[in-house]
Amino acid sequence: MASVELRNIRKTYGKVEAVREVSLEVADRELVVFVGPSGCGKSTLLRMIAGLEEISGGELYIGGKLMNKVPAADRGIAMVFQSYALYPHMTVAENMGFALKMMGVGRAEVEAKVREAARVLQLEGLLDRKPKQLSGGQRQRVAIGRAITRSPSVFLFDEPLSNLDADLRAQMRIEIARLHDELKTTMIYVTHDQVEAMTLADRIVVLNDGVVEQHGKPLELYQSPANRFVAGFLGQPKINIIPATVIRGPAGSTLSLGKGSVVIPGPAAANLADGERVEVGLRPDALSVGTGPGFEAKVVVAERLGSTTLLHVQAKGLDQLLTIETKGAEAPEVGNDTLVSVDPAGMHLFAADGGRI
């Protein structure tokens with residue numbers, strides 16, 4: 001097992017900086033997820049750790065050893081890609097043991113490692129099949145098994161579930177979480193899917209335009225996003241970001257939201273000037289319909305999902321739809337007016353530049 005440390009890592013392509021001064025420590029046996037939009041640098045960062053991309057600047061350590069000039073094959077890592085990349089003419093067992101065979105490992109040891117990987121991944125009954133006889137989820141498990149047989153100190157996953165349908169992705173998330181718990185090894189996982197990040201990670205690293213916006217435990221990032229970008233990227237359904245104006249009065253400070261207003265919670269109120277323009281982030285579950293202080297809105301769409309209903313409402317005075325998550329199927333009918341109330345505990349305030357207030 002091994003830790004991974006990045007010190008001021010940079011990657012440039014000509015004049016383009018794909019990764020900019022990233023410093024990060026991944027502890028031994030930790031599962032860290034790199035998440036962010038396409039082009040944010042997450043896969044480039046992973047490939048530099050793997051040795052598939054040259055590091056333009058900074059230092060990379062695996063297990064306390066400097067790895068900048070160490071070939072990929074000697075870094076003690078195994079990588080699972082988006083593409084299964086299985087040999088179609090080989091059986092499952094042959095695919096899983098091929099890398100070991102090329103390394104000169106004895107036949108008995110190869111077979112033992114393949115059997116153990118098959119046990120962990122529940123592939124024992126499929127070892128004699130060819131890839132074309134497997135489902136997408138089974139093929140991905142074989143690709144993971146090929147990595148397990150090498151007994152790496154660090155596993156790297158580059159969007160391994162993006163080719164699977166929704167049901168298989170959910171199943172494979174459970175498989176990978178169980179795998180991490182059983183193998184107790186260091187894992188770095190890249191995805192653009194924030195659901196995968198929230199459900200798998202011990203710690204999430206949110207990247208944007210080549211820099212780390214924030215890292216921490218999933219619920220820490222969800223409940224206390226460092227800025228508007230992190231707040232907007234994490235959370236399903238997405239957070240509502242609403243422009244607002246600060247109104248200071250004798251009874252306290254409020255935010256003007258269209259034709260309604262809400263009280264500013266906590267110490268943030270004292271730091272805001274009358275008339276200041278801000279943005280308020282409200283998670284869908286921080287909004288509710290009914291009586292209480294808030295603002296008026298008209299129900300435009302109702303998505304009845306069984307245990308929850310998502311209401312998309314048009315707030316009076318605002319040029320955007322807001323999403324409200326309610327419990328159960330009971331909700332106002334489409335076209336009806338309703339009062340939207342705000343839970344102050346679920347409010348996030350951001351300055352004009354996107355930073356958290």
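A residue counts as buried when its relative accessible area is under 20%. By that cut-off, helix α1 is mostly covered, with 7 of its 9 residues buried. The model described here is predicted.

The protein chain holds 8 helices and 20 strands. Its C-alpha trace spans about 80 × 45 × 35 Å along the principal axes. Of its 357 residues, 47% count as buried. The chain exposes about 16,700 Å². Carbon and sulfur atoms supply 50% of that area. Contacts often link distant parts of the sequence: among those with a separation of 6 or more, 66% join residues 24 or more positions apart.

The covered residues of α1 are Lys42, Thr44, Leu45, Leu46, Met48, Ile49 and Ala50. Arginine 47 is partly exposed, because its relative accessible area is 27%. Glycine 51 follows the helix. The phi of glycine 51 is positive, near 90°.

Methionine 79 makes contact with this region. The residue lies in strand β6, residues 77-80. Its relative accessible area is 14%, so methionine 79 is buried. Leaving aside neighbours within four places in sequence, methionine 79 is in contact with Leu46, Arg47, Ala50, Leu52, Leu156 and Asp158. Glycine 317 lies elsewhere: the C-alpha atoms of methionine 79 and glycine 317 are 51 Å apart in space. In sequence the two are 238 residues apart.

The structure holds 16 salt bridges. One of them joins the side chains of arginine 7 and glutamate 5, with N and O at 2.8 Å. Arginine 7 counts as partly exposed, because its relative accessibility is 35%. Lysine 11 forms a salt bridge with glutamate 53, and the closest N and O atoms are 3.7 Å apart. Lysine 11 lies in strand β1 (residues 4-13), while glutamate 53 sits in the loop between α1 (42-50) and β4 (57-62), so the pair ties together parts that are 42 residues apart in sequence. Lysine 11 is buried, because its relative accessible area is 7%. Glutamate 53 also meets the side chain of arginine 47 in a salt bridge, at 3.6 Å from N to O. Elsewhere, salt bridges that share partners join Glu116, Arg119, Glu175, Arg178 and Glu182 into one network.

Helix α5 covers residues 166-183. At 1.5 Å a residue, its 18 residues should span 26 Å. Its end C-alpha atoms are 26 Å apart, so the expected span and the model agree. Aspartate 165 caps the N-terminal end of α5. A side-chain oxygen of aspartate 165 lies 3.3 Å from the backbone nitrogen of aspartate 167. After the helix comes lysine 184, whose phi is positive, near 50°.

The buried residues of α5 are Met172, Arg173, Glu175, Ile176, Leu179 and His180. An α-helix has 3.6 residues a turn, so residues three or four places apart point the same way. The buried residues of α5 pack against two strands and three helices: β3 (31-35), β8 (186-191), α3 (107-120), α4 (136-148) and α6 (194-200). Glu175 of this buried set also belongs to the salt-bridge network.

Glutamate 279 is placed in strand β14, residues 277-282. A polar contact of 2.2 Å joins its side chain to that of arginine 228. Not counting residues up to four places away in sequence, glutamate 279 touches Arg228, Ile241, Ile242, Pro243, His348, Leu349, Phe350 and Ala351.

The surface carries a nonpolar patch formed by Val300, Val301 and Leu321. Together these residues have about 210 Å² of accessible area. Valine 301 is found in strand β16, residues 294-304. Its relative accessibility is 37%, so valine 301 counts as partly exposed.

Technical notes. Residues are numbered from 1 along each chain as its sequence is written. This is a predicted model: local features need pLDDT of at least 70, side-chain atom pairs count only at pLDDT 80 or more; totals for chains, interfaces and linings use all residues. Side-chain values use heavy atoms; hydrogens and water are left out. Helices (H or I, at least four residues) and strands (E, at least two) are DSSP runs, numbered from the N terminus. The expected span of a helix is 1.5 Å times one less than its number of residues. Buried means under 20% relative accessible area, exposed over 50%, partly exposed in between (1.4 Å probe, protein chains only). Contact means heavy atoms within 4.5 Å. A polar contact is a pair of N or O atoms within 3.5 Å; within protein, one must be able to donate a hydrogen and the other to accept it, and residues adjacent in sequence count only if both atoms are side-chain atoms. Patches are made of residues with over 30% relative accessible area and no salt bridge: like charges are joined within 9 Å, nonpolar side chains (Val, Leu, Ile, Met, Phe, Trp, Tyr) within 5 Å. Accessible areas come from the Shrake-Rupley method with a 1.4 Å probe; for residues, only the protein chains shown count as cover. A salt bridge is a side-chain nitrogen of Lys or Arg within 4 Å of a carboxyl oxygen of Asp or Glu.
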